[in-house]
Number of protein chains: 2
Amino acid sequence: MTCRISIVGAGGWGTALAILLSRNNHTVRLWARNPAHAAELRDQKSNERYLSGVPIPDTVEITDHLADSVAGAEIVLFVTPSTALRQIAGSLAAQGQLPATTILVSAVKGIEHGSGKRMSEILTETFPNNPTAVLSGPNQAQEVARSIPTATVIGCRPEKLAGRLQQIISTKTFRAYTSRDVVGIELGGALKNIFALAAGMSDGIGLGDNSKAALVTRSLAELVRLGTALGGKRETFQGLSGVGDLIVTCFSRQSRNRRVGERLGKGDSLNQIMESMEMVAEGVPTTRSAKECAARLGIQTPIIDEMHAVLYEKAAVAEAMRRLLSRELRTEED
Amino acid sequence: MTCRISIVGAGGWGTALAILLSRNNHTVRLWARNPAHAAELRDQKSNERYLSGVPIPDTVEITDHLADSVAGAEIVLFVTPSTALRQIAGSLAAQGQLPATTILVSAVKGIEHGSGKRMSEILTETFPNNPTAVLSGPNQAQEVARSIPTATVIGCRPEKLAGRLQQIISTKTFRAYTSRDVVGIELGGALKNIFALAAGMSDGIGLGDNSKAALVTRSLAELVRLGTALGGKRETFQGLSGVGDLIVTCFSRQSRNRRVGERLGKGDSLNQIMESMEMVAEGVPTTRSAKECAARLGIQTPIIDEMHAVLYEKAAVAEAMRRLLSRELRTEED
């Protein structure tokens, strides 16, 4: 069952998915926003900026023309920065290129500022008649591109569509599970990046594995508290796209958000870090959105609050970490 | 509030607790089973075998005489290998050295073979009139001994005793929380070592962070399934002594059980590993006990079963890992 798939966004994850799906014998087009970057991908047959060292198969067609990139696609997989999705989806809608039969899949991890909307909500608002799904899990792009065994989750309500996407996306080394809890799958992927910033900060200021384990344990509790208040299911947060993605992002040396936190912990300013990074660290905008959501619902989120204080209110990293680690002695159930 | 505390067992964790409690101004005696080892500790003023590089304060009294070590103690903290606890506690009971007012605390992580009993059950059977408690959490001994911020949990039913132990054990950098779920606290600490063996095996055969995240996610589900069937509370397994201890043991470079798994993954036999290690890897005996418990209760434990096959049934590591990673495609809820 081969299929025409368009991938909108040529960061590390978009490129890894293009490589994976192309190996799976689908017809893949990959859209890069920046024409110079698209030319690089075509010339070098690899994405050295974001996914260094992995060859892109010749069969992947690379373009910087958005309308062309989705023409004739049965599935469009969105892998843009979260802050760019509404604008890019809006352009596609304005060009009227997508018939209502095209399946839209979001692999974007974030929450919209101001509206508090999830990425699939943005897609549904923009394309109200198209079937939509989400893809999220503990998936470092480099490992997926190198066929190291990986599991992921497709969140999708109609079971038939979930099963179809599962067949299309899965390979022997990339196993997709399905879930009907679209909300939980998306929120797990979005919120964990905030906690990875905090875990990285703990590494950066020289704390150890014990401190980080305590912080990640509290992070999981906070993720479940806010995630269920926002409509996700508790069990989803215990699965691959919740605790699984949280731990890999908090512990992996490759995790971008953990690395940003580590640099904050070592004393670099957010501006310095952002200027030196090619890639987007989604935890940074998501911290702002998550704090807005928590405030609206009256949910206690001490870790998100401290990350917000560090990123947006000039709080000192050491002070923020001290506040997180020095809560009063009490029972664990409190 | 200083206190006379005896620590029974001079491995890495027992020694770290002796150092911690002595810094906290308690009067501490540390019992080492092996007279030569006790002499080393006294001469070198450090435990180079098990906790290299951390000085033991002069105020810690070191002895290899069991009855002497507990004489006059208000609290006896057991930090023996799990397979030795019944015999050591039995010797103490036979000598009639412990009045019924002495508080007994188990920091031993394991489950008894054959009986399926937890360590605190062994203490309660041996000393039916003494108050007992347990101590468990994501606590690498080296970090605790070096005063790197750490959180732990005291499991204890009478609230007054829990509060007292909390005050005695806590320092600014070692924060003890309390819980009434003694069963859950103990099982979290015991079972996670099995999953750390599996996580280490995944590292050893060269799998990546994505694979390990998927494996640890399934491990948490299995820990909750077996742990609740054995009487622990679901919420406890979401806390420090459950998911917290699980992730630090599966990811930390310092974790002994993870390292044993890694060597298995690289092709060493269990015998080779055991012969070359000074320390006990509790996951090895606990795998056998946990499989017995699961079989008795009819609980599905695929990861424990594969570890049992590798450790005790000569199964090939690569085959066991392949079975764990290649389950059929299906919904995540199955």
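**Exercise 1. In what order do the 8 strands of the open sheet in chain B stand?**

Before we start, a word on the model: it is predicted, so local features need pLDDT of at least 70 and side-chain atom pairs count only at pLDDT 80 or more, while totals for chains, interfaces and linings use all residues. Residues are numbered from 1 along each chain as its sequence is written, chains are lettered from A and ligands numbered from 1 in the order in which they are written, and side-chain values use heavy atoms, without hydrogens and water.

*Solution.*
- Step 1: Take the strands as DSSP runs (E, at least two residues; helices are H or I, at least four), numbered from the N terminus. Two strands pair if DSSP finds at least two bridges between them.
- Step 2: Read the order in chain B as β5-β2-β1-β6-β7-β8-β9-β10, with mixed pairing.
- Step 3: Look at the edges. Here β5 (61-63) and β10 of chain B each have a single partner strand, so one side of each is left without a neighbour in the sheet.
- Step 4: Add the twist: neighbouring strands are turned by 25 degrees against each other on average, direction ignored. Axes are lines fitted to C-alpha atoms, for helices over the stretch in contact, and angles run from 0 to 180 degrees between N-to-C directions.

**Exercise 2. Find the partner of β5(B), then the helices on the sheet.**

*Solution.*
- Step 1: β2 (residues 27-31) of chain B pairs with β5(B) in the parallel sense over 3 bridges.
- Step 2: Within that pair, R29(B) stands opposite E61(B).
- Step 3: Helix α1 (residues 12-23) of chain B packs on the sheet, touching β1, β2, β6, β8 and β10 of chain B; contact means heavy atoms within 4.5 Å. The direction of α1 makes about 165 degrees with that of β2(B).
- Step 4: Helix α5 (residues 119-126) of chain B lies across β6, β7 and β8, at about 155 degrees to β7(B).

**Exercise 3. Describe how chain B meets chain A.**

*Solution.*
- Step 1: Count the residues: 51 of chain B are in contact with 50 of chain A.
- Step 2: The buried area is about 3900 Å², and carbon and sulfur atoms give 55% of it. This is the accessible area (1.4 Å probe) that two parts lose on being put together, summed over both.
- Step 3: Check salt bridges (a side-chain nitrogen of Lys or Arg within 4 Å of a carboxyl oxygen of Asp or Glu): the count is 0.
- Step 4: Find who contributes. On the side of chain B that touches chain A, α9(B) gives the most, with 9 residues.
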